[in-house]
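Please work through the exercises below with the sequence and the 3D structure at hand, and try each task before you read its solution.

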Amino acid sequence: MSWRALKLNKKIQNFLSNRYFTFRHERTHSTRRLIRAGVPQGSALSPLLYSAYTNDIPRPTSGVQLALFVYDTALFFRSRTRRSIFRHLPKAIDELGQWFRKWRIEVNPDKSAAIQFKYSKNRSHLVVDRNTPNLKMLNARIPWQQSYKHLGVTLDKNLHFREHIARVRKNALFYTARLGAMLGRKSKLSRRNKRTLYKMCIRTVMTYASPVFAHADSKVLYRLQVVRNKFCRAATDAH
C-alpha cells in the first residue's frame, strides 16, 4: 500500500472515530454522547463515504429499477398488470432489506412510503385500488400514500402535480414578499439588479425540477405565470 493510501486511511479513520454529538432544544443542551454508527451530518465527506459504503447495493434483476441519490433509495416498477407488479416488487424489496440488515443500515419506516402511479384526468379519493396487498421491508409495513415528496418534488398518484405546484407557488410568493422592499415600485435598484434577484431567488424556486411537472394542466401551470407577471409589474412600475 502506498503512502498516499495509508495517509487517506488515517484521515478517514480520524474522521469516523471518537465523534460525539449533543442535542439542543432552545437553550437546553443534552449530555454529550458517542456516535456509534453513521457519519457526521453536514460534512462534505459524509456523502462520499456513504456512496462508497453502498457501492455494492444489489440491483434487482426482475425488471425493478433502483434509484439512489445520496441517502435516498427508491424502487420503481412499470407494468400494465397488478399481478406482475406484486410478483416482482416485493421480491426486490426483500432483497434490498436483507442487504440493509447485513450491513447494519437502518431504514426509517416513518420516511418510507409506497405510491401507485396511475395517470388519469379524473381525481380519485382512493389511495390505492381495492384489494391491493401491503408491502413490507424487514417486517415493517410500508404505507400506501396518495402523494409523497421525493427530492423536493411532490409526486401524486395521478401525476397531476397540483399539490407540488401549489407548494412551489406558495414558496415563490413568500420570497417575493421577503424581497418586496428591493423588488417593488419604490425600490431604487435598477431593473437589471431586480431581474438578477428574481432569477437567483424566485425563478429558481419555480423552475426546480420543472421538466418533471411540465406536462401538468395549463390552468395549474398558469398559477406560476401569475407570480411572474406580478413581479414584472412591480419591477417596472407598470399598471
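The exercises that follow concern a predicted model, and they go from the whole chain to single helices and residues.

**Exercise 1. Overall form**

Task: Describe how the protein chain is built up, and compare its radius of gyration with that of a compact globule of 239 residues.

Solution: Begin with the secondary structure, where the protein chain has eight helices and ten strands. Next, turn to the domains, which are domain 1 (3-42), domain 2 (56-155) and domain 3 (162-236), and note that the centres of domain 1 and domain 3, taken over C-alpha atoms, are separated by 40 Å. The radius of gyration of the protein chain is 24 Å, whereas a compact globule of 239 residues would have a value near 18 Å. Along the principal axes, the C-alpha trace covers about 65 × 55 × 40 Å. Finally, consider the surface: buried residues make up 25% of the 239 residues, and the accessible surface comes to about 18100 Å², of which 52% belongs to carbon and sulfur atoms.

**Exercise 2. The length and faces of helix α4**

Task: Check whether the span of helix α4 (residues 162-178) agrees with its number of residues, and find where its buried residues lie around the axis.

Solution: Helix α4 has 17 residues, which at 1.5 Å a residue should span 24 Å, and because its end C-alpha atoms are 24 Å apart, the expected and the computed span agree. The next step is to list the residues of α4 that are buried, namely H164, I165, V168 and A172. Seen down the axis of α4, these buried residues fall within an arc of 90°, so they line one face of the helix. On the other side of α4, the exposed residues are K170, A177 and R178. The last step is to ask what covers the buried residues of α4, and the cover includes β10 (153-156), α6 (191-207), α7 (210-213) and α8 (218-236).

**Exercise 3. Helix α3 and its end**

Task: Examine the span of helix α3 (residues 82-102), list its buried residues, and say what follows the helix.

Solution: The 21 residues of α3 reach 30 Å from the first C-alpha to the last, close to the 30 Å expected at 1.5 Å a residue. The buried residues of α3 are S84, I85, F86, H88, L89, A92, I93, L96, G97, W99 and F100. Their cover includes α2 (45-53), β6 (72-76), β7 (135-137) and β8 (140-142). After α3 comes R104, whose phi is positive, near 55°.

**Exercise 4. Two residues in a loop**

Task: For L159 and F161, give the location, the sign of phi and the degree of burial.

Solution: L159 lies in the loop between β10 and α4, and F161 is likewise placed in the loop between β10 and α4. L159 has a positive phi of about 60° although it is not a glycine, and F161, not a glycine either, has a positive phi of about 65°. For burial, the cut-off is a relative accessible area under 20%. With a relative accessible area of 25%, L159 is partly exposed, while F161, at 2%, is buried.

**Exercise 5. The surroundings of L197**

Task: Which residues is L197 in contact with, leaving aside its neighbours within four places in sequence?

Solution: First locate L197, which is found in helix α6. With those neighbours left aside, the residues in contact with L197 are M182, L183, L189 and I202. Taking M182 from this list, L197 and M182 are 15 residues apart in sequence, and their C-alpha atoms are 8.8 Å apart in space.

How values were computed
Residues are numbered from 1 along each chain as its sequence is written. This is a predicted model: local features need pLDDT of at least 70, side-chain atom pairs count only at pLDDT 80 or more; totals for chains, interfaces and linings use all residues. Side-chain values use heavy atoms; hydrogens and water are left out. Helices (H or I, at least four residues) and strands (E, at least two) are DSSP runs, numbered from the N terminus. The expected span of a helix is 1.5 Å times one less than its number of residues. Buried means under 20% relative accessible area, exposed over 50%, partly exposed in between (1.4 Å probe, protein chains only). The arc is that of the directions from the helix axis to the C-beta atoms. Contact means heavy atoms within 4.5 Å. The radius of gyration is taken over C-alpha atoms; the globule rule is 2.2 Å times the number of residues to the power 0.38. Accessible areas come from the Shrake-Rupley method with a 1.4 Å probe; for residues, only the protein chains shown count as cover. Domain bounds come from an automatic or database domain assignment.
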